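This report describes the fold of one chain, its interface with a second chain, and the salt bridges and cysteines. The structure is shown first.

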Amino acid sequence: MGIEEKLPSGFLLTTVEQIAGYMRKSSLWPATFGLACCAIEMMTTGGPRYDLGRFGMEVFRGSPRQADLMIVAGRVSQKMAPVLRQIYDQMVEPKWVLSMGVCASSGGMFNNYAIVQGVDHLVPVDIYLPGCPPRPEMLINAILELHDQIQHAPLGVHRRRVAEAAERAALEAVPTSQMKGLLR
Amino acid sequence: MDVLADLRNRGLSGSGRGPGARAPHLGRRPSDHTLGWARSEGPQQVRSRQGMRTGSRRSSTLKGEGVNPYVPILVLGAIAAGFAVFSIAAGALAGPRRYNRAKLDAYECGIEPTPHAAGGGRFPVKYYLVAMLFIVFDIESVFLIPYAVAFDQLKLFGLIEMVLFIVTVFVAYAYVWRRGGLEWD
């Protein structure tokens with residue numbers, strides 16, 4: 001920031017991380033993975049009242065190869081699980097997953113043998129969105145949170161260092177079973 | 001001739017060549033119909049034009065005709081093509097590359113793709129037979145079509161010759177027909 005003030009007006013400075021993050025988050029194309037009731041809310045969010053087009057996300061790609069974001073909207077049954085994983089695998093990096101609704105996040109009200117209890121059993125999830133179903137405003141809030149996450153994501157060597165630091169912190173953290181003072 | 005003279009008298013020009021007789025001070029010079037930036041410059045150019053009558057032509061602007069008005073469309077097309085090439089190249093250079101067996105599979109809405117034989121499998125031979133028969137009878141029609149155009153000039157001799165040709169090919173046709181070569185399955 002100090003250098004920008006000394007340069008003549010008309011110059012902006014940025015970093016590769018910021019520019020790449022900005023370009024990745026603008027026009028993030030979602031892949032259609034609407035399974036159940038949350039899909040209706042997702043469709044509404046793409047509609048004119050709660051517009052996803054203002055983020056460049058009105059194109060829900062049919063093919064995973066052209067999509068960046070997989071919004072898992074709805075309950076994932078045991079039969080659908082390999083399909084979900086195959087679609088996720090066929091997406092091209094960089095990719096993100098938003099699990100929309102309680103059924104995708106944790107199995108929701110279906111605590112039984114037929115529904116996968118949370119899609120994080122299948123794919124790595126970047127942002128969870130509770131709700132049954134979440135309102136379009138809540139979905140937009142989750143998408144904006146994801147945009148923030150993408151904008152500030154580290155790249156390259158920085159990313160590896162941040163990941164190693166997180167692993168070390170997790171290994172040295174106090175396990176929950178030894179934490180006293182909680183309502184256990 | 002009379003029609004054109006009539007129109008000219010009425011002040012209309014038949015093919016819309018410009019203001020015409022109604023406004024003779026407008027639109028007379030060829031540079032008025034071309035784009036502003038493609039026009040010749042003015043008095044200095046006129047002087048140099050007069051001085052270099054036999055010189056080599058440097059560019060069409062010096063002659064005063066103006067650059068082709070479709071040049072901007074070509075420039076736009078070149079920019080569009082350049083942008084596409086740049087996008088693909090930048091993606092190939094800057095994109096992360098992580099191998100995943102499923103990425104190379106055919107997309108079949110998430111299920112395992114239907115297994116196909118390696119190298120496309122064996123081709124059924126009936127395609128070859130159809131191609132061969134097509135070649136033979138196509139050559140026949142290559143001879144028949146010019147005959148159909150010029151048959152009256154070839155008179156009786158041409159007719160007899162053509163009939164003999166068709167009969168010869170007909171023998172081959174009858175053989176193929178009876179031997180079952182025209183059956184698809």
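A residue is called buried under 20% relative accessible area, exposed over 50%, and partly exposed in between (1.4 Å probe, protein chains only). By that rule Glu93(A), with a relative accessible area of 15%, is buried. This is a predicted model, in which local features need pLDDT of at least 70, side-chain atom pairs count only at pLDDT 80 or more, and totals for chains, interfaces and linings use all residues. Residues are numbered from 1 along each chain as its sequence is written, chains are lettered from A and ligands numbered from 1 in the order in which they are written, and side-chain values use heavy atoms, with hydrogens and water left out.

**Chain A**

Chain A has seven helices and four strands; helices (H or I, at least four residues) and strands (E, at least two) are DSSP runs, numbered from the N terminus. Their order from the N terminus is α-α-β-α-β-α-β-α-β-α-α. Of the 184 residues in chain A, 38% are buried. Contact is taken as heavy atoms within 4.5 Å. Among contacts in chain A between residues at least 6 apart in sequence, 74% link residues at least 24 apart.

Strand S3 (residues 96-100) of chain A contains Ser99(A), which is buried at 0% relative accessibility. Leaving out residues up to four places away in sequence, the residues that Ser99(A) touches include Val72(A), Ser105(A), Val119(A) and Tyr128(A). The side chains of Ser99(A) and Ser105(A) are joined by a polar contact of 3.0 Å. A polar contact is a pair of N or O atoms within 3.5 Å; within protein, one must be able to donate a hydrogen and the other to accept it, and residues adjacent in sequence count only if both atoms are side-chain atoms.

**Interface of chain A and chain B**

Between the chains, 14 residues of chain A are in contact with 13 residues of chain B. The buried area is about 1,100 Å², with 48% of it from carbon and sulfur atoms; buried area is the accessible area (1.4 Å probe) that two parts lose on being put together, summed over both. On the side of chain A, Arg65(A), Gln86(A) and Glu93(A) lose the most area to chain B, together 46% of what that side buries.

Seven residue pairs (both at pLDDT 80 or more) are in polar contact between chain A and chain B. Helix H4 (residues 81-90) gives the most to the side of chain A that touches chain B, with six residues.

**Salt bridges**

A salt bridge is a side-chain nitrogen of Lys or Arg within 4 Å of a carboxyl oxygen of Asp or Glu. The rule gives five over all chains, and one across the interface of chain A and chain B. Three pairs are listed here.

| Pair | N to O distance |
|---|---|
| Glu93(A) and Lys103(B) | 2.5 Å |
| Lys95(A) and Glu93(A) | 3.9 Å |
| Arg135(A) and Glu137(A) | 2.8 Å |

Salt bridges with shared partners join Glu93(A), Lys95(A) and Lys103(B) into one network. Lys95(A) is buried at 13% relative accessibility, and Lys103(B) is buried at 18%. Arg135(A) is partly exposed at 43% relative accessibility, as is Glu137(A) at 40%.

**Cysteines**

With a disulfide defined as a pair of cysteine sulfur atoms within 2.5 Å, the whole structure has zero over all chains. Cys38(A) is in no disulfide, and the nearest cysteine sulfur, that of Cys37(A), is 6.2 Å away. Cys38(A) is buried, at a relative accessible area of 8%. The sulfur of Cys132(A) is too far for a bond because the closest cysteine sulfur, in Cys103(A), is 5.6 Å away. Cys132(A) is exposed, with a relative accessible area of 55%.
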